[in-house]
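Visitor: I should like to learn how to read the features of a structural model. May we begin with its aromatic rings?

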Amino acid sequence: INYETLATQLTEYAKLKHDYSCDGLVLMDIDAYNEQDIYRPKNSMAFKINELTAETRLIDVVWEGPSKDGFFCPVGILDPVELGGAMISRATLHNLDIINQLNVKYGSKVSLLKAGDIIPKIVSVIENDSGCVDIIIPTECPSCGSTLVRDGVNMRCMNKTCGDQVVHQITHFIKKLGVKSASNATLLNFGITSFDKLLSFTPNKSYKSEVKLYNELYDKVFSQSKAKLLAAMNFVGLSEILITKILDHYGYDVIENFDFKYWQLFLIVVR
């Protein structure tokens, strides 16, 4: 059986039979499905057949960031166009290399693609007329004013004390430990702009949202083991298992007083 052909035929049939849009389907063994009470039953295969495309013009580019690691991501602002039943006015441009490869400029007529993704992407430039202008690459961090540098395919703020980066890191840290009521905006509203302020946070009991966050922090952060806390920090390539090995090998007192730039050395030694 040619499953791709069958999937395409069934998808087209579904589009004719129903008023709502269909971007694919799932083929499965019905007997096996009826015997399984799980979200993704075995003996099934999903197909994303209908790759949605549209053409429009790029109006502007905003550089979202800095992220918790200081990176900036270019997002295209579009002349709104309908795509898959929704009006699309933003699309990802991924990074600097993609911008150069596509030769996309302000005013470019571009082709969009949405293939099962929530955020559509710009996949090609259809036309650059005489009025198109090169995209301006940011050179200064809007959060701390530091000079941005190119790091691989992205622009990056290298200031480790950059306010927005630190807030992103705190949010990432507590969410990784299961705190659901946290967001960058929430932390900023409550004045939690550093890890010291996170540790000293005392809620105003008149505000339920502050009390709720405090209770979550107490239950899911402040009561965790040292290994879990370190595993939730923004260390690249260090899992909870590896951190536990490091703690067992060196002891927490040694780690607590050590310069964290040597974590990669620790990782090599433990392995």
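Guide: Certainly. This is a predicted model, and a search of the whole structure finds 3 aromatic pairs.

Visitor: How are the rings of phenylalanine 173 and phenylalanine 195 arranged?

Guide: In general, a pair of aromatic rings is described by the distance of the centres and the angle of the planes. Here, phenylalanine 173 and phenylalanine 195 are 5.7 Å apart, centre to centre, with 70 degrees between the planes, and the pair is edge-to-face. The pair links distant parts of the chain, 22 residues apart: phenylalanine 173 belongs to helix 4 (residues 163-176) and phenylalanine 195 to helix 6 (residues 195-199). Phenylalanine 173 counts as buried, at 6% relative accessibility, whereas phenylalanine 195, at 25%, counts as partly exposed.

Visitor: Why is the pair of phenylalanine 190 and phenylalanine 201 described as stacked?

Guide: The planes of the two rings stand at 10 degrees, with the centres 6.1 Å apart, so the pair of phenylalanine 190 and phenylalanine 201 is stacked. Phenylalanine 190 lies in the loop between helix 5 (184-189) and helix 6, and phenylalanine 201 in the loop between helix 6 and helix 7 (208-220), so the pair ties together parts that are 11 residues apart in sequence. Phenylalanine 201 is buried, because its relative accessible area is 8%, and buried means under 20%. Ring pairs also link Phe190, Phe201 and Tyr214 into a cluster.

Visitor: Let us turn to charged side chains. How many salt bridges are there?

Guide: The count comes to 9 salt bridges. In one of them, the side chains of arginine 90 and glutamate 64 meet at 2.3 Å, N to O. This pair links distant parts of the chain, with arginine 90 in strand 5 (residues 86-92) and glutamate 64 in strand 3 (residues 52-64), 26 residues apart. Arginine 90 is partly exposed, with a relative accessible area of 37%, and glutamate 64 is partly exposed, with 39%.

Visitor: Where do lysine 220 and glutamate 216 lie?

Guide: Both residues lie in helix 7, 4 residues apart, which is about one turn of the helix. They form a salt bridge whose closest N and O atoms are 3.6 Å apart. Lysine 220 is partly exposed, with a relative accessible area of 29%, while glutamate 216 is buried, with 12%. Elsewhere, salt bridges that share partners join Arg57, Glu127 and Asp129 into one network.

Visitor: Which residues touch the most other members of the largest nonpolar core?

Guide: In soluble globular proteins, nonpolar side chains tend to be buried together. In this model the largest nonpolar core has 25 residues, and Leu78, Val104, Leu112, Ile122 and Ile135 touch the most other members. Two or more residues are given to this core by each of strand 3, strand 4 (71-83), strand 5, helix 3 (96-102) and strand 6 (109-114). With its neighbours within four places in sequence left aside, valine 104 is in contact with Leu58, Leu93, Ile99, Val110, Val125 and Ile135. Apart from the largest core lies another, of 17 residues, among them Ile174, Ile192, Leu198 and Leu213.

Visitor: Which residues of helix 9 are buried?

Guide: In helix 9 (residues 240-250), Leu242, Ile243, Ile246 and Leu247 are buried. Seen down the axis of helix 9, the buried residues fall within an arc of 140 degrees, so they line one face of the helix. The face turned away from the buried side carries the exposed residues Ile241, Asp248 and His249. Just after helix 9, glycine 251 takes a positive phi of about 90 degrees.

Visitor: Finally, what are the mean pLDDT of the protein and the lowest and highest mean values among its elements?

Guide: Where pLDDT is low, the predicted coordinates should not be read in detail. The mean pLDDT of the protein is 83, and 76% of its residues reach 70 or more. Among the elements, strand 9 (residues 154-156) has the highest mean pLDDT, 97, and helix 11 (residues 263-270) the lowest, 42. Over residues 261-271 the pLDDT is below 50, and beyond near neighbours in sequence this stretch has 19 contacts in the model.

Definitions and conventions:
Residues are numbered from 1 along each chain as its sequence is written. This is a predicted model: local features need pLDDT of at least 70, side-chain atom pairs count only at pLDDT 80 or more; totals for chains, interfaces and linings use all residues. Side-chain values use heavy atoms; hydrogens and water are left out. Rings of Phe, Tyr and Trp (its six-membered ring) pair if their centres lie within 6.5 Å; planes under 30 degrees apart count as stacked, over 60 as edge-to-face and the rest as tilted. Buried means under 20% relative accessible area, exposed over 50%, partly exposed in between (1.4 Å probe, protein chains only). The arc is that of the directions from the helix axis to the C-beta atoms. pLDDT is the predictor's confidence in each residue, from 0 to 100. Contact means heavy atoms within 4.5 Å. A salt bridge is a side-chain nitrogen of Lys or Arg within 4 Å of a carboxyl oxygen of Asp or Glu. A nonpolar core is a set of buried Ala, Val, Leu, Ile, Met, Phe, Trp, Tyr and Cys residues joined through side-chain atoms within 4.5 Å.
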